[in-house]
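Biologist: I'd like to go through this model with you, starting with how you name its parts. Could you put it on the screen?

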Amino acid sequence: MLPGRPRRLVTSALMLGMFLSALEATAVAAAVPTAVGELGGVGRYSWVFSAYLLASTIVVPLFGKLADLYGRRPVYQASMALFLVGSMLCGIAGSFTQLVLFRAIQGLGAGGVTPVAATVIGDVYTLEERGRVQGLFSGVWALASLAGPLLGGLITDALSWRWIFFVNVPFGLASAWILARYLQEEPPRREHPLDLLGTGILTLAITSLLFALTEGVTLWGVADPRTLAFVAAAGAGLLLFLRQERRAPEPMLPLELFKIRLIAVASVGNVLIGALLLSLTAYVPLFAQGILGGTAVDAGTILTPVLIGWPIASTISGRLLLRLSYRSLVLAGAALVLAACVALAGIDAETPRLWIAAIMLTIGLGMGFQSIPYFVGVQSAVPWTRRGVATSSTQFFRLIGGAVAVAALGMLMQVRLENAGVAEQVEALLQPARRAALAQPVLAATSGALLDGLQAIYLAMAVIAALLLVVAFTFPAGSAQSHAHREPSPQEQ
């Protein structure tokens, strides 16, 4: 364990790194409409999110394994460097295609920053401290994820959408320097083969699925053999990945972890949490700007109540962790999220703003109560030598849930817009000057079609929330201490 001041400095540096990584997953939510207006590409709207999420998802388990093999600090430094390079490239992108490509590079770095930061926290704090500290980190992650649209809107309106990426650089460098200066560790350096084949197979599988959802449906249709071929390729790739993980000497995602019931259930829960969170941050700001006619700042502020509810609930959850069971906390959180998502599916342009704010606050409270058990439970269930890969698995499943959900729901919205024949006009709704120039019949038809697509998305989110409540009922009973990993005593060995 680190002494007091170095531990506080390391914690601050890790919080800053996690803040930047989570911020970039969602800060573009308020800026993408402006970027699309400048660069074009509304038909590929979801790829700005999906490219980042896909890239960060596929490397999360790999970075977790590297952190277990070679230590946390060098892996964190390399991840942050890649993240900052991607940020700079995004800021100078000259086309929509370039922006998507550079977002993928940025995501590769983010895929190491967040899970390694969370792993270090597990190293330097005890189980008794971990719930409270992870509650703080969960609040930071939620704050960054959900403040992203607001900050993105402010920066876009005041400067340019490009500065959303440039501002990462000084803060990322500061985080890397503090960690290099104050985190002291001497892990055993082990020369083990990395599971690069497994990483490659998983990359192809997820990419095939996202391509089918975002491009295949638009180009060929849902039932077209070419679209179905990409879906089949994704399924086959997943089966090959599982086979590879059973055979690899150092698997990227050790399958024996999922023999622990808590980890298996938490993995499913994290997929659904990621799906809800990223769908929320991608498609609720679109309602504020496209339906309500707001600016980029308005698109961000609609999520502000979530920022209030999540940190409050995660802090309470962290303090109750050792008194109540994991199950009771996740059940309470899932029930709140389900109630709020059902209400969200019914909003329209006439819904009172206060009611929308109450819905967002309730979602924030529900997510906050669930996030700590789903994270700390997994991290505490394994020994140090598996903590990196176990911690990264929580991030992996949240990201993969978010990436697939954002792409699938984007496909749903695009199909609705194309059936209404207004897909191209939607870009005009997202820019106040062009919106004001639309004839009233065109404005009514376009906004009505967009609302129809968004309501379908919110209904799908309610279904996901219902599944999350079902998963919560299957969470193992018992205290946090009863699920914590315990090293066998000499008599038991």
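Modeller: Helices (H or I, at least four residues) and strands (E, at least two) are taken as DSSP runs and numbered from the N terminus. This is a predicted model, in which local features need pLDDT of at least 70 and side-chain atom pairs count only at pLDDT 80 or more, while totals for chains, interfaces and linings use all residues. Residues are numbered from 1 along each chain as its sequence is written, and side-chain values use heavy atoms, with hydrogens and water left out.

Biologist: Good, so where does Leu409 sit?

Modeller: Leu409 belongs to helix 16. With a relative accessible area of 8%, Leu409 is buried, where buried means under 20% relative accessible area, exposed over 50% and partly exposed in between (1.4 Å probe, protein chains only). Its C-alpha atom is separated by 8.9 Å from that of Leu454, although the two residues are 45 apart along the chain.

Biologist: Does anything charged hold that region? Put differently, how many salt bridges does the structure hold?

Modeller: The structure holds one salt bridge, a term that requires a side-chain nitrogen of Lys or Arg within 4 Å of a carboxyl oxygen of Asp or Glu. Its partners are Arg416 and Asp452, whose side chains meet at 3.0 Å, N to O. The pair links distant parts of the chain, with Arg416 in helix 16 and Asp452 in helix 19 (residues 440-473), 36 residues apart.

Biologist: And is Arg416 buried, partly exposed or exposed?

Modeller: Arg416 is partly exposed, at 33% relative accessibility, and Asp452 is also partly exposed, with a relative accessible area of 34%. As background, side chains of opposite charge can pair when their charged atoms come close.

Biologist: Switching to rings: how many aromatic pairs turn up in the whole structure?

Modeller: The search of the whole structure finds three. Rings of Phe, Tyr and Trp (its six-membered ring) pair if their centres lie within 6.5 Å, and planes under 30 degrees apart count as stacked, over 60 as edge-to-face and the rest as tilted. One of the pairs is Trp163 with Phe166, which is edge-to-face at 5.3 Å centre to centre, with 80° between the planes. Both residues lie in helix 7 (residues 163-166), three residues apart, about one turn of the helix. Trp163 is partly exposed, with a relative accessible area of 41%.

Biologist: Why is the pair of Phe258 and Phe397 called edge-to-face?

Modeller: Because the planes of Phe258 and Phe397 stand at 85°, with the ring centres 5.9 Å apart, the pair is edge-to-face. Phe258 lies in the loop between helix 10 (225-247) and helix 11 (261-290), and Phe397 in helix 16 (residues 384-420), so this pair ties together parts that are 139 residues apart in sequence. Phe258 is partly exposed at 23% relative accessible area, whereas Phe397 is buried at 14%.

Biologist: Which residue lies over the face of Tyr182?

Modeller: Arg181 does, at 4.9 Å from the ring centre; the criterion is NZ of Lys or CZ of Arg within 6 Å of the ring centre and within 35 degrees of the ring normal.

Biologist: Next topic, helix 4: what is its reach from first C-alpha to last?

Modeller: Helix 4 (residues 72-91) has 20 residues and reaches 29 Å, close to the 28 Å expected at 1.5 Å a residue, the expected span being 1.5 Å times one less than the number of residues. Its buried residues include Val75, Tyr76, Ser79, Phe83 and Cys90. The buried residues of helix 4 cover an arc of only 165° around the axis, which puts them on the same side of the helix; that arc is taken from the directions from the helix axis to the C-beta atoms.

Biologist: You mentioned Cys90, so how many disulfides does the structure hold?

Modeller: The structure holds zero disulfides, a disulfide being a pair of cysteine sulfur atoms within 2.5 Å. Cys90 is buried at 0% relative accessibility, and Cys341 is buried at 1%.

Biologist: Last one: which helix holds Arg103?

Modeller: Arg103 is in helix 5 and is buried, with a relative accessible area of 0%. Between Arg103 and Phe165 there are 9.8 Å in space, C-alpha to C-alpha, and 62 residues in sequence. Gly109 also has its place in helix 5 (residues 96-124), and is buried at 0% relative accessible area.
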